[in-house]
Structures are given as C-alpha cells and as structure tokens.
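Subject: Structure for you to look at

Hello,

Here is the structure I said I would send, with my notes below it. Please read them with the model open.

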Amino acid sequence: MSLFDLPITEIHKRLSNKELTASDMVEESLKRIAEVEKDVQAFLLVDEEQARERAKAIDQDIAVSEDLGILAGLPMGVKDNIVTEGIRTTCASRILANYEPIYSATVYKRMLAGQAIMIGKTNMDEFAMGSSTEHSAFHPSYNPWNLDYVPGGSSGGSAAAVAAREVYFALGSDTGGSIRQPASFTGVVGLKPTYGLVSRFGLVAFASSLDQIGPITKNVEDAAYVLQTLAGYDELDSTSANVSIPDYITPLTGEIKGLRIAVPKEYMGEGVDPAVKEKMLEALKVFENLGAVWEEVSLPHTEYAVATYYILAPSEASSNLARYDGVRYGVRTDSAENLIEMYKKTRSEGFGSEVKRRIMLGTYALSSGYYDAYYRKAQKVRTLIKQDFEQIFAKYDLIFGPTVPTTAFRIGEKISDPLQMYVNDILTIPVNLAGLPAISIPAGLVNGLPVGLQLIGKHFDEVTILRAAYAFEQHTEHHKLRPMVKRG
C-alpha cells in the first residue's frame, strides 16, 4: 500500500509522532512519478529541487513545533493555470510557454501556509478549454485506468495524477465541469465550490463569471480538509464572498437520515448510458438504506444549458484572452515587420485551434448587431436555469445524478467533433451557470472505467454535499479501487 492510500489523519498522526517525515512523502511522490509518469503524462513540470527543499524546511518546523498543519508534508499537484511565483505557468499554451509569474495565486499561498508541498504543475486543456486534456499544446494526458482513454478535462492532469497516486491531492479549476468530469473519468473525488467561496486571484481567467478553483482528492474527507484551507474571503478578488466559513470536517459522521434528495428526470433520461444509469440506481438504494428520501423532479431548462454556456463562456474568453498580444505576457513572434502584424502573428502562432474557435465564437456573440440576439438572450436563459435550481432547493437538500452521461471516451474519439465534446458536459455546466457547489464521487466501474456520482447543493452549503458524499463513501468500496496504469 502506498502512503498515499492512507487517510489524511493517519499521515498527520505519523508526522506528529516523528514516524514519518515530509521528505519521505516527497520521495514517495517522486518515486511514483518515475514509475508511471511516462505513461500517464499528468505533469507539465515536476520541480524536484523545490519540493525537496520545502520538505526539509517543513521537517525542521516539525522538529521544533507541535503546531502542525493538517496538510503538512502532503505532496500536491497544481493545475498550470494557477500562477506560482518564479515557477513557469503556461496554461498549456504556447503563448505562455516562457511565462514565469512574479506573484502567486491566493490558493497557492494558502496551501503553502497549510504546509502542503507542490510537486509540480499539472497538464490541462489549453486555457482550460476542453474536456479531454487533448487540447494541451504540449502533450495529452492519459487515463490511469486505461491508457487508451482520456482522463477528462480540462483538469485532466490533476485528476490523473491523483488517481495514479503521483500526488496526495491536486488543485483544479472548474468552468463547466473541469474538476468534476475528470474526477468522474478517473475514479477520484472532485469538488467544485460555490462561486466566490474560494479566491480566484491568480487563476488565469477563462470565463470569469464561471471559473472556480477546487480540490481533487482520493476521498471525501481529504476534500473537506483541503477545502477548509482553501475557503475564505480574499480582498484581492472582487468576486470573493465575505461569508463565514463553517467547519467542513465535524459533520462527516455518516449520518444522513431524513436528507431530502431531488433526482431530476433530465439527469437520468435520454443520452445517459444505461450502464451509468444502473450505477446511479444502485447509489440511490444506498442513500435509501441510510434513511434519505428521494423524489423525481424536473429541471426543465437543462436542455438549453450547453448552448447558453457556449455563448457566455467564449464571450468572456474572447475578452480575457485579448491581453495575450505579444506585448505584456509570454511569447512574441519573431517574424513581424510592424505592430499590427506582430499582434496577428503572435496570436496566430501562440493559440491552439480550440482557443481560436472559442475566441471567434465569443467575438461574434458580442459583436454589434448580434449582442442582443445571442449574449443578452443567453444571460436570460442563465437566469431561468438558476431559477430552476432555486425552486428545487426550496423543497430539497440535494440534487442527485451522474456527473457525466458516459464513462471516459477513447483518445482521439471526439477531438475532431467539438460539438460531441461539448455535449459531454451537459450535466456539469448548469451548476456553473448557477454558481452552485457540487461534488463528483466514485460510484463504481463500467467495463473497467469509473463512473462518477454528482451531488449538487445550495449556495455555500458545501457541508451538506460533503456530509452526504461521505456517508455514501462509508457504505461503499468504490473509492478504494485503484487503477493498474495499463493499456487495454
């Protein structure tokens, strides 16, 4: 058994008792990376020197202090769109291939303050645009359960690294499902917090009204501990919510008797693989046995979520990515003869095809004469989707459904068909449009590939989704399954 299979409380206990060191944890991580990274390719950068130095510093702290953070000594991966001072941050794009930030994201600072250790920056779809990590400008990542399949995206590197036990946990970002979908595909836990709960300062923006940073872990308890460190107001982020942060750990008792669960018929109907639906029905039986009650409900505007998202997100992206012009950040073309040509060539050479597609979509939706027809109308539909959720949460505590309609797809299977790729996120996108929290947890295997169960909660009610997810986990064995990291 790997050290990374132990519960976070056991690691903490061994560190406190001097039975284990932070250096041991880092060496365990680097050893595993040496074993499997050539196949999984979860990382864009592994910083061994920095990780070893930091582990030594933490070991020295442990030797002289009893005040040990719960994340002390835990190796983590950080998605490469979260800026890290002095450490290359590329967003998996050629246009930022040489970019070394002069400051760090708030979440990264909080992880360091919690005494976690960054092993490296994880792979992703370029600027978080994609659902497979095939859109990375540098290389794809692979699903540890079967290397012929994608790990999901855009946080595919973070999810694959956790699933393969290369790191203890990882940070990802979720704009339309980019934490939950790869968590579902790789059999780990992915938590997308309420919009505003976790600081976005230092997260390279894709779609600012939708992006949210969250943890990817092996189990629910670890997710709660990481969230406890991540959450909290940040004056550097104008969208940060100044709310009190509850205790996410104590409510993890396994007790959910009387919990009211809504099961939208749109989440269990057409388009959902029958084998995935069967796993969901088995999961509902577990909740029933634990004393929860559930009823079928309707979220009638779900069918418009993908279209709405692909107007709003590219619109915001076209604005956010305008800053990459060869003047202020990253790479500049070396073949331009004047300023305008420099702009054009830098962006043409620096951005990949999926990013260019979304910039064009967004620019078109925001252009004069089309703004009302597309962008304004999409905002109105977004309001209807939010109202659907509000009506459900007036009566129920949670919404239940699969995270993704299918298991992971093969490498290359959907890369040439963007619409098929987009539809894959139909059950995760509504959560981002409404700014709600949601978690994906393992719910079993279909043909050797993981299936994810999604629990959606009310705004800032991460406690309830973590409590329910933990109870489910305590009465199943799905989260204990480990991939073999092989093909076929």
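Arg165 follows α5 and has a positive phi, near 60°. The model is a predicted one, so please read that angle and everything below as computed. Arg165 also belongs to a network of salt bridges, together with Asp5 and Arg482.

The helix before Arg165, α5, is mostly covered, with 8 of its 8 residues buried. Among the buried residues are Gly156, Gly157, Ser158 and Val162. Ala159, Ala160, Ala161 and Ala163 in α5 are buried too.

Strand β2 covers residues 75-79, and because 5 of its 5 residues are buried, the strand is largely enclosed by the rest of the structure. In a regular strand, side chains alternate between the two faces of the sheet. In β2 both faces are covered: Pro75, Gly77 and Lys79 are buried on one side, Met76 and Val78 on the other. β2 runs parallel to β3, and 5 bridges join the two strands. Which residue of β3 is the bridge partner of Val78? The partner is Lys121.

Next, the aromatic residues. Searching the whole structure gives 15 aromatic pairs. One of them is Phe127 with Phe351, an edge-to-face pair with 5.9 Å from centre to centre and 70° between the planes. This pair links distant parts of the chain, 224 residues apart: Phe127 is in the loop between β3 (117-122) and α5 (156-163), and Phe351 is in the loop between α10 (339-350) and α11 (353-366). Phe127 and Phe351 are both buried. They also belong to one aromatic cluster, along with Tyr99, Tyr324 and Tyr329.

Two tyrosine rings have a charge over them. The charged end of Lys218 sits over the ring of Tyr168, 3.6 Å from the ring centre. The charged end of Arg487 sits over the ring of Tyr142, at 5.8 Å from the centre.

Arg487 comes up again among the salt bridges, of which the count is 22. Its side chain meets that of Asp148 in a salt bridge, 3.2 Å from N to O. Asp148 lies in the loop between β3 and α5 and Arg487 in the segment after α15 (462-474), so this salt bridge ties together parts that are 339 residues apart in sequence. Are the two residues buried or exposed? Asp148 has a relative accessibility of 25% and so counts as partly exposed. Arg487, at 48%, also counts as partly exposed.

Two other salt bridges lie within helices. Glu288 pairs with Lys285, and their closest N and O atoms are 3.3 Å apart. Both residues are in helix α8 (residues 274-289), 3 residues apart, which is about one turn of the helix. Glu288 is partly exposed, with a relative accessible area of 33%. Lys285 is partly exposed as well, at 47%.

The other is in helix α10, where Glu341 forms a salt bridge with Lys345, the closest N and O atoms being 3.8 Å apart. Glu341 and Lys345 are 4 residues apart in α10, so about one helical turn separates them. An α-helix has 3.6 residues a turn, so residues three or four places apart point the same way. Glu341 is partly exposed at 25% relative accessibility, and Lys345 is partly exposed with a relative accessible area of 28%.

The remaining notes concern α7 and the loop after it. Gln228 is found in helix α7 and counts as partly exposed, at 28% relative accessibility. Gln228 and Asp247 are 19 residues apart in sequence, and their C-alpha atoms are 7.4 Å apart in space. Val243 is in the loop between α7 (220-230) and β7 (260-264). With Ile245 and Phe460, Val243 makes a nonpolar surface patch of about 190 Å². At 31% relative accessibility, Val243 counts as partly exposed.

Regards

Notes. Residues are numbered from 1 along each chain as its sequence is written. This is a predicted model: local features need pLDDT of at least 70, side-chain atom pairs count only at pLDDT 80 or more; totals for chains, interfaces and linings use all residues. Side-chain values use heavy atoms; hydrogens and water are left out. Patches are made of residues with over 30% relative accessible area and no salt bridge: like charges are joined within 9 Å, nonpolar side chains (Val, Leu, Ile, Met, Phe, Trp, Tyr) within 5 Å. Accessible areas come from the Shrake-Rupley method with a 1.4 Å probe; for residues, only the protein chains shown count as cover. A salt bridge is a side-chain nitrogen of Lys or Arg within 4 Å of a carboxyl oxygen of Asp or Glu. Buried means under 20% relative accessible area, exposed over 50%, partly exposed in between (1.4 Å probe, protein chains only). Rings of Phe, Tyr and Trp (its six-membered ring) pair if their centres lie within 6.5 Å; planes under 30 degrees apart count as stacked, over 60 as edge-to-face and the rest as tilted. A charge sits over a ring if NZ of Lys or CZ of Arg is within 6 Å of the ring centre and within 35 degrees of the ring normal. Two strands pair if DSSP finds at least two bridges between them.
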